[in-house]
Amino acid sequence: MNFKKLADKYGTPLYVYDFHHFENQFNELKNAFKGRKSIISYAVKANSNLSVIKKFATLGSGADCVSIGEVKRALMAGVDRYKVIFSGVGKRDDEIEEALKLDILMINVESEAELNRVADIAEKLGVVARISIRVNPNIDPKTHPYISTGLHENKFGVDIDTAKKMYLFAKNNSSLNPVGIHFHIGSQLTELEPIKEASQIVADLVRSLKAINIDIKFFDVGGGLGIKYKDEETIKPYDYAQAILSTLSGLDVTIVCEPGRFLVGNGGWFLTSVLYEKVNGDKRFVIVDGAMNDLIRPSLYNAYHKIEVITDKNGEISKANLVGPICESGDFFAKDIELPSTNHGDLVVIHSAGAYGFTMSSNYNTRPRAAEIAVENGEDRIIRRRETFEDLIACEVDYL
Ligand SMILES: Cc1ncc(COP(=O)(O)O)c(C=O)c1O
Ligand SMILES: N[C@@H](CCCC[NH3+])C(=O)O
């Protein structure tokens, strides 16, 4: 990837995506489930650019969505409505209503109270709601606490006993059709055992539901597959699939898998340019034109992203903090890392920025968000133009 050329052509800060990487990741995971009925439903939250979703749609992907906005993005991008799932602990009535009207595969319900709302809204509309229930298996996924979701202390899903009650309620309600079951224990998972354990617990629940004539068709294992940011041992898709399949003996279910980060994380880079260097006491800072509003993962999770500096200055390498222009001390991409001495305008490439990069960006400090570029078949094209000041104030009224 010629980052310098792309930065010169489109300016910085800039997100660059390699669509071939996305395709390879998708195919590797899909092939891991070969021979079994499976749907890969891309978790749109990881990178919701319409062109990215469209790329996955053309590969046959479904979409895992967490707002009606994401559902609409998925459908606009050409995802088959019968591969769209709508999850989330706090769906509004209007979101549930719209999802039912759009006739997507299933609404993934996360509480008894929500199930009642879905039933009432479906009845009012005169439709039958296909639902799945998100089970919280109380398994420690061994990841960052902010992105752990499968423990009872997390807000997601319901415990097994509540899930059973909900399935019985759904079975006896003519506006509900319980077609699926779901779990998702966390993100950036690098250990297989917790996934297998969770899958076993949920598969056992499917068996006990079968015994009372509740026939689950979609076994949704969530997302969470981790990627290599630094030197992590990651889970191989084949081993992942085998671990899940080993829990499903005797069950005729379609496996639904909702990866986000695995598909796009390492196919994205964030490009930013050096503005200045300075030294405060004995602390060296390299200040760039990108900031925490563009890529918040280091500030929010202390996440590691590999940093590469492209410079022809032949200076010394020394420790520095790589920081942005935002008025927060938490605005950094890396702290105390070895960086070469730089010139104004040198390019800094931040790796593994394809997932939860642009989608978590904001306009803090009235900073227009970066442009996004797709690279495919040796060609680059813009898939989101850089925001302007006018874009940022477009919704503001009554100020004159
Ligand atoms: C329900 C659900 N599915 C899928 C994902 C995608 O996760 P990841 O990007 O870790 O694959 C998430 C986010 O963690 C999620 O909450
Ligand atoms: N935003 C997180 C992942 C959250 C996954 C969504 N449930 C990250 O950047 O790692």
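**A walk through the model**

Trainee: How many of the 7 residues of strand 7 are buried?
Mentor: This is a predicted model, so take everything here as computed from it. Strand 7 spans residues 176-182 and is mostly covered. Of its 7 residues, the number buried is 5.

Trainee: In which sense do strand 6 and strand 7 run?
Mentor: Strand 6 covers residues 129-134. It is joined to strand 7 by 6 bridges. One of the partnerships puts Ile133 with Ile181 of strand 7. The two strands run parallel.

Trainee: How many bridges pair strand 7 with strand 8?
Mentor: Strand 8 is made of residues 218-220. Gly180 has Phe218 in strand 8 as its bridge partner. Strand 7 and strand 8 pair in the parallel sense, and the number of bridges is 3.

Trainee: Which hand does the crossover from strand 7 to strand 8 have?
Mentor: Follow the chain out of strand 7. It passes through helix 8, residues 192-211, and then reaches strand 8. This β-α-β crossover is right-handed.

Trainee: Is Gln188 buried or exposed?
Mentor: Gln188 sits in the loop between strand 7 and helix 8. Its phi is positive, about 50°, although it is not a glycine. The cut-off for burial is 20 or more other C-beta atoms within 10 Å. Gln188 has 24 such atoms, so it is buried.

Trainee: Which residue does UniProt annotate as "modified residue: N6-(pyridoxal phosphate)lysine"?
Mentor: The annotation comes from an unreviewed UniProt entry. Look in the loop between strand 2 (38-43) and helix 3 (50-58), where Lys45 lies. The residue that the annotation covers is Lys45.

Trainee: Is Lys45 buried or exposed, and why?
Mentor: Leave aside neighbours within four places in sequence. Lys45 is then in contact with Val66, Glu70, Gly260 and Thr359. Because Lys45 has 21 C-beta neighbours inside 10 Å, it counts as buried.

Trainee: Which residues does UniProt list for "binding site"?
Mentor: This list also comes from an unreviewed entry. One of its members, Arg261, lies in helix 10, residues 261-264. Another, Tyr356, is placed in the loop between strand 15 (347-350) and strand 16. The full list is Gly224, Glu258, Pro259, Gly260, Arg261 and Tyr356.

Trainee: Why does Arg261 count as buried?
Mentor: Set aside its neighbours within four places in sequence. Arg261 is then in contact with Ala46, Ser187, Gln188, Ile227, Ala355 and Tyr356. Arg261 counts as buried because its C-beta neighbours inside 10 Å number 26.

Trainee: Which residues does Tyr356 touch, not counting those up to four places away in sequence?
Mentor: Tyr356 counts as buried, so start from its surroundings: there are 25 C-beta neighbours inside 10 Å. With residues up to four places away left out, Tyr356 touches Ala46, Arg261 and Arg297.

Trainee: Which residues of strand 15 are buried on its two faces?
Mentor: Both faces of strand 15 are covered. One side carries Leu347 and Val349. The other side has Val348 and Ile350.

Trainee: In which sense does strand 15 run with strand 10 and with strand 12?
Mentor: Strand 10, residues 268-280, is joined to strand 15 by 4 bridges, and Leu271 stands opposite Val349. Strand 12, residues 307-310, is joined to strand 15 by 4 bridges as well. Here Ile310 stands opposite Leu347. In each pairing the strands run antiparallel.

Trainee: How far apart are the C-alpha centres of domain 1 and domain 2?
Mentor: The domain assignment gives domain 1 as 3-14 + 266-391 and domain 2 as 33-259. Their contact takes 16 residues from domain 1 and 12 residues from domain 2. The C-alpha centres lie apart by 34 Å.

Trainee: Which elements give two or more residues to the side of domain 1 that touches domain 2?
Mentor: The residues on that side divide into 7 nonpolar, 6 polar and 3 charged. The elements that give two or more of them are strand 16 (371-376) and strand 17 (379-384).

Trainee: Is the peptide bond from Thr12 to Pro13 cis or trans?
Mentor: Pro13 is found in the loop between helix 1 (3-10) and strand 1 (14-18). The bond from Thr12 to Pro13 has omega near -5°. It is cis.

Trainee: Is Asp398 buried or exposed?
Mentor: Asp398 lies in the segment after helix 12 (389-393). It has a positive phi of about 65° although it is not a glycine. With 4 other C-beta atoms within 10 Å, Asp398 is exposed.

Notes. Residues numbered from 1 in each chain as written. Chains lettered and ligands numbered in written order. Predicted model: local features only at pLDDT ≥ 70, side-chain atom pairs only at ≥ 80, totals over all residues. Domains from an automatic or database assignment. Contact = placed C-beta atoms within 7 Å. Nonpolar A, V, L, I, M, F, W, Y, C, P; charged D, E, K, R; others polar. UniProt positions renumbered as here; feature names shortened; annotations may be inferred. Buried ≥ 20, exposed ≤ 12 C-beta atoms within 10 Å, placed from the backbone. Pairing = 2+ DSSP bridges. Right-handed = clockwise from strand over helix to strand, strands pointing away.
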